[in-house]
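Here are some exercises to work through with the structure open beside you. Try each task before you read its solution.

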Amino acid sequence: MTDDAYLALLTGPGATLGVPPAAVGELAFMDTPAVRAWLDAQGVTPASPELRLLPPEQTAALPEDAERLPVPLGDEELSRLRHETAPQDVARLEEELLAYRDCADGREALLARAVSAGVPPYRIAELTGEDLAAVEAVAG
């Protein structure tokens, strides 16, 4: 497995690998001179149906003869790409995990606000599923 994501031209059985770049949203590398030159040399546009973007974990499955170009992805772009290439049931779970992360990021502040508002620690624990000892520690 490589650490690089790849743009590749795929037809036939390999065409199911990755996703069209547009499915991932805006990608910074698409406007670079190197990528534009590669697309021109291949005679394709960013919207060509045979153009696919593959995450690093899928590049080993690329056919030997496939035209490919390694591309740099930022963390957010790579996360979006992996989400788009995941099976639908996994993608739904990933969305739940992201929602949890968003909630967990403000966990301490939310618990502190609830305590300050007068919500009893046992009720906070009941509503959040947090351990009562953890809530009481925030309540101090």
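**Exercise 1. Burial and surface**

Task: Find what percentage of the 140 residues of the protein count as buried, and how much accessible surface the protein has.

Solution: Keep in mind that this is a predicted model. Step one is the cut-off: a residue is buried when its relative accessible area is under 20%. By that rule, 31% of the 140 residues are buried. Step two is the surface, which comes to about 8,800 Å². Carbon and sulfur atoms account for 54% of that area.

**Exercise 2. Overall shape**

Task: Compare the radius of gyration of the protein with that of a compact globule of 140 residues, and give the spans of the C-alpha trace along its principal axes.

Solution: Begin with the reference: a compact globule of 140 residues would have a radius of gyration near 14 Å. The protein, in contrast, has 22 Å. Next, look along the principal axes, where the C-alpha trace spans about 65 × 30 × 25 Å.

**Exercise 3. Elements and contacts**

Task: List the helices and strands in chain order, then work out what share of the contacts between residues at least 6 apart in sequence join residues at least 24 apart.

Solution: First count the elements: the protein has 6 helices and 3 strands. Reading from the N terminus, their order is β-α-β-β-α-α-α-α-α. Now turn to contacts between residues at least 6 apart in sequence: 75% of them join residues at least 24 apart.

**Exercise 4. Charges**

Task: Count the positive and negative side chains and say how far apart the centres of the two sets lie.

Solution: Tally each sign separately, and you get 10 positive and 25 negative side chains. Then take the centre of each set; the two centres lie 4 Å apart. To move from charges to pairs, look for a Lys or Arg side-chain nitrogen within 4 Å of a carboxyl oxygen of Asp or Glu. The count by this rule is 4 salt bridges.

**Exercise 5. A salt-bridge network**

Task: Which residues are linked with Arg107 in a network of salt bridges?

Solution: Take the partners one at a time. Arg107 meets Glu108 in a salt bridge with an N to O distance of 2.3 Å. Arg107 also pairs with Glu130, where the closest N and O atoms are 3.0 Å apart. This second pair links distant parts of the chain, with Arg107 in helix H4 (residues 107–116) and Glu130, 23 residues away, in the loop between helix H5 (121–128) and helix H6 (132–139). Put together, Arg107, Glu108 and Glu130 form a network of salt bridges. Finally, check exposure: Arg107 is partly exposed at 25% relative accessible area, Glu130 is partly exposed at 25%, and Glu108 is partly exposed at 45%.

**Exercise 6. A pair within one helix**

Task: Explain why Glu126 and Arg123 are separated by about one helical turn, and classify each as buried, partly exposed or exposed.

Solution: Start with the spacing. Glu126 and Arg123 are 3 residues apart in helix H5, so about one helical turn separates them. The two form a salt bridge, with the closest N and O atoms 2.5 Å apart. For exposure, the upper cut-off is 50%. Glu126, at 54% relative accessibility, is exposed, whereas Arg123, at 34%, is partly exposed.

Definitions and conventions:
Residues numbered from 1 in each chain as written. Predicted model: local features only at pLDDT ≥ 70, side-chain atom pairs only at ≥ 80, totals over all residues. Heavy atoms only, no water. Helix = DSSP H or I, 4+ residues; strand = E, 2+ residues; numbered from the N terminus. Rg over C-alpha atoms; globule rule 2.2 N^0.38 Å. Buried < 20%, exposed > 50% of the residue type's maximum accessible area, 1.4 Å probe, protein only. Contact = heavy atoms within 4.5 Å. Areas by Shrake-Rupley, 256 points an atom, 1.4 Å probe, with all protein chains shown as cover. Lys, Arg positive; Asp, Glu negative; His and termini not counted. Charge placed at Lys NZ, Arg CZ, Asp CG, Glu CD.
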